[in-house]
Amino acid sequence: MKKIFSMVLATALLVCLLAGCGGAPQSSSPAPADSQPAQSAGSQSTPDEPAAPAAPASIKVAALSSAYETAYPGMWQEVCDAFTAETGIEVELICDQNLEDVIGPSMQGGEYPDVIHLATGREKKLTEQFIKDRNIADITDVLSMTVPGESVTVGDKIVGGFTDTTITNPYGDGKTYLAPMFYSPCGLFYNAGLFKEKGWDVPATWDEMWELGDKAQAEGIYLFTYPTTGYFDAFFYALMYSVGGPDFYNKALTYEEGVWDTPEAQECFDIVAKLASYTNPLTPAQANDQDFTQNQQLVLDNKALFMPNGTWIVSEMEDAPRADGFAWGMTALPAAKAGASGASYCWLEQAWIPAKAPNLDAAKQFVAFLYSDAACAIFAKGGAVQPVPGLTDNLDGDNKMFYSIYDNGADAAMGSFATYEAVAGLGSVREVFFDPVNGLVNGSVTEDQWIADIKTASDQMRDNLVE
C-alpha cells in the first residue's frame, strides 16, 4: 500500500464535467398520478394494445449532513436531482447531521431507506450494527454496472484497492457490501503560522515530537488534543502501520493471538499513553459529538499544537475565530525511528444499501450514479473527493497540500479492525481501543489497565469473527 496514492494520482484518467442541476434543498415530489395514459369512460384495453408505461420508481436516500454539505448547502439534493434527470427515478432525500436519530426509529418499525450514506466510526455505531447483523446488501454486481448516463462501469471509475479493504468488504468473502465514497488523508493538523513564527520544525520522529512538546509546554501550549476518541481510529491505524509495517498491521486488524504482546504493540501503547500526558486537559470533557469543535478550536487558538483530523476540518471550522497569522498545516504521524517513514490513514466514508431496502434495483442504480462525472463535480463543490482517477488534479489551496501527503513520503494505511459477531458484554472497537484514551488523559485509566482490557476483548473478538 506504500505510496499507493502517489502512483494513482500521477495519472489523470478522467476529468469531472461540471454539472449544475439544483439549488437549495427541497423534497422531491412523488411521481405524477397522470403518468399513465388516461382511458375514456367505458374504454377497454385489448390484448393487442401495448401495456401502459409504468410510473418511474421512487427511492428514499438518507445521507449524513457533514462538513461537505455545510461547505456547499444542497449538495446531496443536487446529486439526487441530477440522478432523477438522468434516470427518471424520483428521490426522497433525508439529509441530517444526526442522521441516526432521524432514520433509526422508522427502521426499528421496519421502514428502511433504499440507500444510506453513513460511515463507520460514529458514536452511535449504526453502520457497524448493520454490518454485525448482516443487514447490508451485497453490491458486488454494482461494480460491473454501467454508470447511468455514461459508457463505463462503476469498477472502471474507482481507483484500484478501494473496493478490497476490510471496510468495504467486512466479511472477508471476496464481496463488496459498502461503496467507497469520500476519502480523506488523515494526519495531524496544526497552525503552520505558529510554527513559522516560533521557528519550530514539524517533528519527523516521535522523539522529536516529545522534544517539541516540552518546548511548547514551557510557553503554555499543550502538544496535543483530539476532537473525540472516535478520531483515534485513523490515528491508531496509522500508528500501527508506521511502527510495525504491513505485517504487524494486518495481524492486529484480525486480533491475531499474541499480537498485543509484541514489542510493536507495546510501542504503540506507550506512544498513546505518553501523548495523553501531553494532551490539553480540557479535551476529555469536550470530546463528544456536541462539543468536539471546542477541542478543534484549541488548535486555532494556539492552546494545542496538533490534533488528528481529516481534510474536512477546513470547511468545518471555516467561520471559527483563529489566532493572528493562522494557516493550516498537516503532517503524517511521525516515524517510529529516524530514517523511517511516517504514515497517514486514508479515511473512507461509505454508502450502502440495507438488505431490506424496498427498491433494491433502483437503489443500485443510485449507488452507480454516485461515481458519474456529474455527481463527482457536484460533490467536489463541497470539497468532497471520491476515489476516482483524476479528481485530485483539479484541487488547489489547502486541499492540494493535504492530498499530496502521500507524494511527500508518507505510507498510506487503509482498512479497519475485522468485524465480529455481537457478544453480550463485549464492547465495540471504539469502546475497547479508543474511548479509554479519555481516561488516560484525565488519569482515571492506567496504561496497563487499558492494555489488559484490549487483550481480553481481542480474544473474544477473534473467537467471534464474522465469516
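Visitor: How much area does the chain expose, and what share do carbon and sulfur atoms supply?
Guide: The chain exposes about 19500 Å², and 49% of that comes from carbon and sulfur atoms. Those areas are Shrake-Rupley values with a 1.4 Å probe, and for residues only the protein chains shown count as cover.

Visitor: And what kind of model is it?
Guide: It's a predicted model, where local features need pLDDT of at least 70 and side-chain atom pairs count only at pLDDT 80 or more, while totals for chains, interfaces and linings use all residues. Residues are numbered from 1 along each chain as its sequence is written, and side-chain values use heavy atoms, with hydrogens and water left out.

Visitor: OK, how many helices and strands are there?
Guide: The chain has 19 helices and 10 strands. Those are DSSP runs numbered from the N terminus: H or I over at least four residues for helices, E over at least two for strands.

Visitor: What percentage of the residues count as buried?
Guide: 54% of the 467 residues. Buried means under 20% relative accessible area, exposed is over 50%, and partly exposed lies in between (1.4 Å probe, protein chains only).

Visitor: Let's go to α4. Which of its residues are buried?
Guide: In α4, residues 99–108, they're L99, E100, I103, G104 and M107. They sit on the same side of α4 because they cover an arc of only 120 degrees around the axis. That arc is taken from the directions from the helix axis to the C-beta atoms.

Visitor: What covers them?
Guide: The cover includes β1 (58–64), β2 (90–96), β3 (115–117) and α5 (126–132). Contact here is heavy atoms within 4.5 Å.

Visitor: How is β1 paired with β2 and β3?
Guide: β1 and β2 run parallel, joined by 7 bridges, with I59 opposite V91 in β2. β1 also pairs with β3, again in the parallel sense, over 3 bridges, and V61 stands opposite V115 in β3. Pairing takes at least two DSSP bridges between the strands. As for burial, 5 of the 7 residues in β1 are buried.

Visitor: Switching topic: what's the strand order in the open sheet of 4 strands?
Guide: The order is β6-β7-β5-β8, with mixed pairing. The edges are β6 (222–224) and β8 (328–331), each pairing on one side only.

Visitor: How do β5 and β7 run?
Guide: Antiparallel: 3 bridges join β5 (residues 187–191) to β7 (residues 304–309). Across that pair, L188 stands opposite P308 in β7.
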